[in-house]
Amino acid sequence: MNGITKCLTSLMMLSTIAAASTVSASDGVEVNHLGVNNTIVRINGDGKYLMLPVQESNDDARIVVLVDGNIDRTVNVRLAKSKVDYFVPLDLTSYNGHDVLLNVITTQNRSNIREAKDDACWKNLSLTDTFDISNREKYRPAYHHTPLYGWMNDPNGMFYKDGVWHLYYQWNPYGSKWQNMTWGHSSSTDLVNWNHHPAAIEANGLGAVFSGSSVVDTENTAGFGKNAVVALYTSADLSQIQSIAHSVDHGHTFEIYPGNPVITLESEARDPNMFWDTANNRWVLSLAHALDHEMLFFTSPDLKNWTLQSAFGKGKGAQDGVWECPDLFKLKVDGTDEEKWVLVCNINPGGPFGGSATQYFVGDFDGTTFKADTDADGNIPTKWMDYGKDHYATVSWSGAPDNRRTLIGWMSNWQYAAEVPTLQYRSANTLPREAGLFKNADGQIYMSSAPSPELVNIRDKEIVKVNNKSAGRKKRVFSLPVSNDGVCEILLDLDCRRADSVDIRIANNADESVTLRYNSSDHTLSFDRRHSGIVDFSQDFPAVTVAPTFENDKKISLRIFIDKSSMEVFGNNGKFVMTNLVFPTMPYSTLSISATGGSAKIENLKIYSIKEL
């Protein structure tokens, strides 16, 4: 065969392959396979959404969206290979009237185009005008904030304005694992019922949109307009830099500042959190110098030009993981006129029970430098905001009313967040909490986190009311509500002075249970979820967590919130808290109380069902 014949034969083979590799996935969607790992998808029809089929066990495919021949965005999606776990929508509404083409790069490890054509994703692409967001998850919480779909981690950018609490969060709209970081957006007038809005800030040429903060610029210091909402966030690509954007429609849409980035460093830094320093008439910014295990403090007159003032943290507190998501605010110590500053520092890993957790420091801040209080030995003690495994990235709302310091956290742990038994969505936020300070018997000042007052409004019926009953070796058993999948709130006051320990067991008919144990000799409360239900999705999930109860009289007051996949235990008006996920195969139905080494008095027990929201 001569060279010309070989060339003609090769061209004929390529033409045959090209013709065979052009298929129509559905009306209006044309798929052209260019090679084993490269496919062109052309949108020829009408529809608000292109539904992308996802298989969670796959690696990411990179989808470059071209509009009229120009790159509009790039997203990463775990496109289905052998089966479809669920669908996610690519919103096409802003492209109406334009030519849309997707350049898809996969890593499916197929040996030839014929095999690649058989991947489940191509035949399941479709156009639609609707996207079903009705809940399909057994474990979706009944009264905690969750995204409608997709992955969520850190809450960020939260602000209060005109009676509305705005909550932004790290969101992946294209799957239920971490990727494509975007600011999702929800809002509420009561911190319980949440309205969901389109994405607020999306990735651009500077990178993905990581965590940050927002403020209402009441004096127009930045020049974007009086009462403009200004967001400061981390743009993350090969490096991490800080960018700003502003909104003139109450935080629903943002315009990216063309002068970005506003802060650059030679090392990794993220999660900027800012506030107006009234005493010094300027903005203050905390920035996590993640790998250096410290927080950096900057000041600015206009939110655009920032000056590094100081650093805090090297060698202090828990140092085993990266430092992230700072917050800095001032609070009064309960019962006094004394004011102290609190520096919140989220850390991953290095939490007291493995994985991620939230530590904090109490001290003083002069507008430039933070100095932490020391203990009697001159050391800076490590203090934890929550003694469960599932409380991270906790930050507060700016501009909260009535001088409140209202916080919320991510209710998961980086050890297993991507493996929990849900698909439509992953992760919820904790209940909102009110921060306070109290002085303990050891002379130290600690932070309290009490449930926000709005949570009283979710109570429905009082199912159980008991006063002055004793519990010993023979346990007292009470029924939990059966309505609304057993979600409830429990208020329990115990006098444990005549007992060595007291067990509070929350169980179901499948013999799955959580046991809370108060130990009177060391003044601790433990939370055992090793037999709570589904626990085998991660070796790090079965665990016992332990909290100091910060009391000396062997009396404890508990407020326990049970949702479909979580328990939050607030003790002694928030002086200690434990937040833990649980995945029972059926709702918990009983509460039992027993004691060893004597008896305990149930001074007060109330159990409330929760309204269907």
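Mentor: Two strands pair if DSSP finds at least two bridges between them. A strand is a DSSP run of E, at least two residues, numbered from the N terminus. The model here is predicted, so local features need pLDDT of at least 70 and side-chain atom pairs 80 or more, while totals for chains, interfaces and linings use all residues. Residues count from 1 along each chain as its sequence is written, and side-chain values use heavy atoms, without hydrogens or water.

Trainee: How do you know that β5 and β6 pair?

Mentor: DSSP finds 7 bridges between β5 and β6 (residues 70-77), in the antiparallel sense. Two would satisfy the definition. One bridge sets leucine 66 against isoleucine 71 in β6. The two strands form a hairpin with 2 residues between them. Aspartate 68, in that turn, has a positive phi of about 55°.

Trainee: Which strand is joined to β5 by 6 bridges?

Mentor: That is β8 (residues 100-105), which runs antiparallel to β5. Valine 67 has valine 100 in β8 as its bridge partner.

Trainee: What makes β5 "mostly covered"?

Mentor: Of the 7 residues in β5 (61-67), 6 are buried. Buried means under 20% relative accessible area, exposed over 50%, partly exposed in between (1.4 Å probe, protein chains only).

Trainee: How many aromatic pairs does the structure hold?

Mentor: There are 33. Rings of Phe, Tyr and Trp (its six-membered ring) pair with centres within 6.5 Å; planes under 30 degrees apart are stacked, over 60 edge-to-face, the rest tilted.

Trainee: Why is the pair of tryptophan 165 and tryptophan 397 called edge-to-face?

Mentor: The centres are 5.3 Å apart and the planes stand at 80°, so both tests are met. Tryptophan 165 is in β11 (residues 164-172) and tryptophan 397 in the loop between β27 and β28, so the pair ties together parts 232 residues apart in sequence. Both tryptophans are buried.

Trainee: What makes tryptophan 178 and phenylalanine 210 an edge-to-face pair?

Mentor: Their centres lie 6.0 Å apart and their planes at 70°, so the definition is met again. Tryptophan 178 is in the loop between β11 and β12, phenylalanine 210 in β14 (residues 208-217), 32 residues apart.

Trainee: Which of the two is buried and which partly exposed?

Mentor: Phenylalanine 210, at 15%, is buried. Tryptophan 178, at 36%, falls in between the two cut-offs, so tryptophan 178 is partly exposed.

Trainee: How do you know that a charge sits over the ring of tyrosine 446?

Mentor: The test asks for NZ of Lys or CZ of Arg within 6 Å of the ring centre and within 35 degrees of the ring normal. The charged end of lysine 383 sits over that ring, 4.7 Å from its centre. Likewise, arginine 459 has its charged end over tyrosine 608, 4.5 Å from the ring centre.

Trainee: What makes a set of residues a nonpolar core?

Mentor: Its members are buried Ala, Val, Leu, Ile, Met, Phe, Trp, Tyr and Cys residues, joined through side-chain atoms within 4.5 Å. The largest core has 73 residues; Phe370, Ile490 and Leu605 touch the most other members. Strand β23 (residues 339-348) supplies the largest share, 6 residues. Another core, of 29 residues, lies apart and includes Val54 and Trp122.

Trainee: Why do β33 and β38 count as edges?

Mentor: Their open sheet of 6 strands runs β33-β42-β35-β36-β37-β38, with antiparallel pairing. β33 (476-479) and β38 (544-548) each have a single partner strand, so one side of each lacks a neighbour in the sheet. For β38, 5 bridges lead to β37 (residues 524-528). There, leucine 525 stands opposite alanine 547.

Terms used
Helices (H or I, at least four residues) and strands (E, at least two) are DSSP runs, numbered from the N terminus.
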